[in-house]
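Open the structure in a viewer and keep the selection tool at hand. The stops below say what to select and what is there.

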Amino acid sequence: MAGQVRHLKVKDGRFYARIAMPVSLRQFVGRSELTAPLCGERRAALKQLPAAVAVLQRQLALVSPGASTAPAVEATKHKNLSVQQIALRSYADRLEQDRILRETTTAWASTTIDTDYAARLREGIAGKLTDSDLDELVGHRIAGFRVLGDTNVRIGSTDWRRLAVALCAAEYEALERVVERDEGDFAGKPRHPLLQPLDDQEQVEPADLLELWEAYVAKRQKEGSMQDGGRRQVLAVKSLIDFTKTSNANDLTKKDIHAWHDHLLAKLSVKTIAKVYLPTIRSLFSWAVKRELMNINPAEDVSQVAPKTVRSREAGYTDPEALMQLTAALTYQPKLSSQGKVLENIKVTAAKRWVPLLCAFTGARIGELTQLRREDLRHEQGSWIARITPDAGSVKTKQYRDVPLHPQLIELGFSDYFEGLADGPIFNMSPEPSRNRIHAQKLANRLRDWLHEEKLVPKDLQPCHGWRHRFKTVEIELGISERVIDAIQGHAGRRAADDYGDVTIKARCDAIARFPAFNLGSAAVEKDRTGQTSEK
């Protein structure tokens with residue numbers, strides 16, 4: 001009985017060339033051996049074996065000439081190549097190996113092409129093979145490129161399958177060139193689109209979407225934007241990765257973006273897609289193209305028209321609606337346990353009582369109020385002044401502004417509440433200054449939910465923005481200068497002339513003092529730290 005042939009592997013009736021992967025390289029490659037398929041007939045397989053083994057040994061030699069060690073692999077690590085770049089490199093390597101083998105061995109020139117292997121490659125190109133089948137065909141090639149640091153794809157992933165199919169195309173085209181060379185024709189060119197030579201100017205390294213996003217956010221933050229780290233926008237990036245099953249931005253096409261857009265339409269509101277998802281991806285890719293990290297912006301022409309807002313009522317609270325919410329806020333009592341213990345943090349209770357009133361009397365955004373700190377409140381020119389500042393968290397205009405507090409707020413006990421507090425947030429529970437913005441936003445969301453749960457928000461009205469609309473409406477009715485109103489509310493000026501001269505504290509105090517008080521009854525203040533009020 002004949003002994004086992006070295007480097008020959010038989011599996012499921014097929015023959016493979018095999019060389020063992022050095023132990024020091026296995027953790028980087030994820031395989032214990034490199035294999036290459038031979039033909040299905042033993043005699044022909046033995047004839048092909050020496051050349052196939054030479055090819056596999058060349059792959060290892062490329063990694064660590066003379067000695068295959070882990071440090072050698074580390075030295076070869078670099079930015080992963082794109083699928084097209086790897087396919088082109090594999091195709092070129094195959095033809096170079098063919099040239100070397102023709103020059104160094106006579107056996108290679110007399111070796112016939114395995115038609116069964118070629119048929120399997122065609123099935124792989126057509127996407128008819130399972131991952132296991134593809135691994136048998138080109139898994140050794142992927143492992144080799146992983147050793148070289150050109151890719152980190154793992155079997156089972158969509159990226160791995162894309163690369164496997166591309167390598168099937170490269171292998172098949174290389175076989176065609178080998179046949180042509182056997183006939184003396186060395187001028188053959190690949191026909192597959194993936195194997196068309198890249199122009200030097202178009203060769204861009206793969207761009208990881210999340211890495212692009214982090215760099216983009218860092219750039220925007222230096223410019224004063226996206227101080228929340230793009231918490232809402234990053235959902236668009238993650239959604240795109242999940243849908244396309246690839247993290248390489250340079251693998252994406254317009255067809256991919258259109259398909260993703262269609263997918264979003266089945267899940268999200270048109271407004272969210274138009275205002276958040278598509279603009280985020282377009283802006284990210286546009287920046288990447290300018291930085292030469294991407295060739296093209298595949299999302300450039302993908303758009304979604306935002307639906308027009310349908311209004312069935314005024315944008316601000318009416319007087320009855322305002323009184324209903326403010327009375328409910330002012331008389332709010334937290335729930336108690338069966339043992340009489342308050343089931344709510346003291347600052348949250350204070351926020352539910354005072355923030356609606358502050359919204360009504362300042363026209364400020366709710367997030368600007370829930371991030372207020374004790375040090376942002378001061379007494380000046382006979383009035384209490386609240387400074388809304390980016391130092392405390394998020395301010396849309398990125399500019400601080402001073403907002404006088406209405407006398408009725410002081411009469412109702414707001415100053416009694418905050419004067420007893422130490423420096424730091426007066427409403428939210430942020431443990432440190434750097435997290436004030438995040439906790440303020442969470443509290444703002446909680447307040448919105450509470451107002452809806454208590455049915456204190458009319459239909460088709462934004463719970464907190466409705467106060468901004470009402471504030472401006474009332475001030476316009478009083479004949480207050482729009483420039484003064486904008487200065488109080490934090491709206492940008494409409495004319496270049498608005499940048500000249502200052503809207504003084506006195507002008508703001510006069511405007512606030514003219515704002516009419518609400519008829520909330522004779523509310524007296526209990527002297528506790530929550531600012532609790534009770535009717536007497």
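Which strands does helix 21 lie across? Select residues 505-514: this is helix 21, and helix 21 lies across strand 4, strand 5 and strand 6, running at about 40° to strand 6. Helices (H or I, at least four residues) and strands (E, at least two) are DSSP runs, numbered from the N terminus. Angles run from 0 to 180 degrees between N-to-C directions, with axes as lines fitted to C-alpha atoms, for helices over the stretch in contact.

Before moving on, note that this is a predicted model, in which local features need pLDDT of at least 70 and side-chain atom pairs count only at pLDDT 80 or more, while totals for chains, interfaces and linings use all residues. Residues are numbered from 1 along each chain as its sequence is written, and side-chain values use heavy atoms, with hydrogens and water left out.

**The sheet**

Next, select the strands themselves. They form an open sheet of 3 strands in the order 4-5-6, with antiparallel pairing. Strand 4 (377-380) and strand 6 (401-404) are the edge strands, each pairing on one side only. From one strand to the next, the twist averages 35°. Two strands count as paired if DSSP finds at least two bridges between them.

Now look at the hairpin of strand 4 and strand 5, which has 2 residues between the strands. Select Q381 in the turn; Q381 has a positive phi of about 55°. The two strands pair over 4 bridges in the antiparallel sense, and R378 has I385 in strand 5 as its bridge partner.

On the other pairing, strand 5 (residues 383-388) is joined to strand 6 by 4 bridges. Select I388 to find R401 of strand 6 opposite.

**The core**

Select F414 and F427, the residues with the most contacts inside the largest nonpolar core, which has 58 residues. Such a core is a set of buried Ala, Val, Leu, Ile, Met, Phe, Trp, Tyr and Cys residues joined through side-chain atoms within 4.5 Å. Helix 14 (residues 346-362) gives the most to this core, with 10 residues. Not counting residues up to four places away in sequence, F414 touches W354, L358, L405, L409, I426 and F427; contact means heavy atoms within 4.5 Å.

**E321**

Last, select E321 in helix 13 (residues 319-330). Is E321 buried or exposed? With a relative accessible area of 17%, E321 is buried; buried means under 20%, exposed over 50%, and partly exposed in between (1.4 Å probe, protein chains only). Leaving aside neighbours within four places in sequence, E321 is in contact with R313, G316, P458 and L461.
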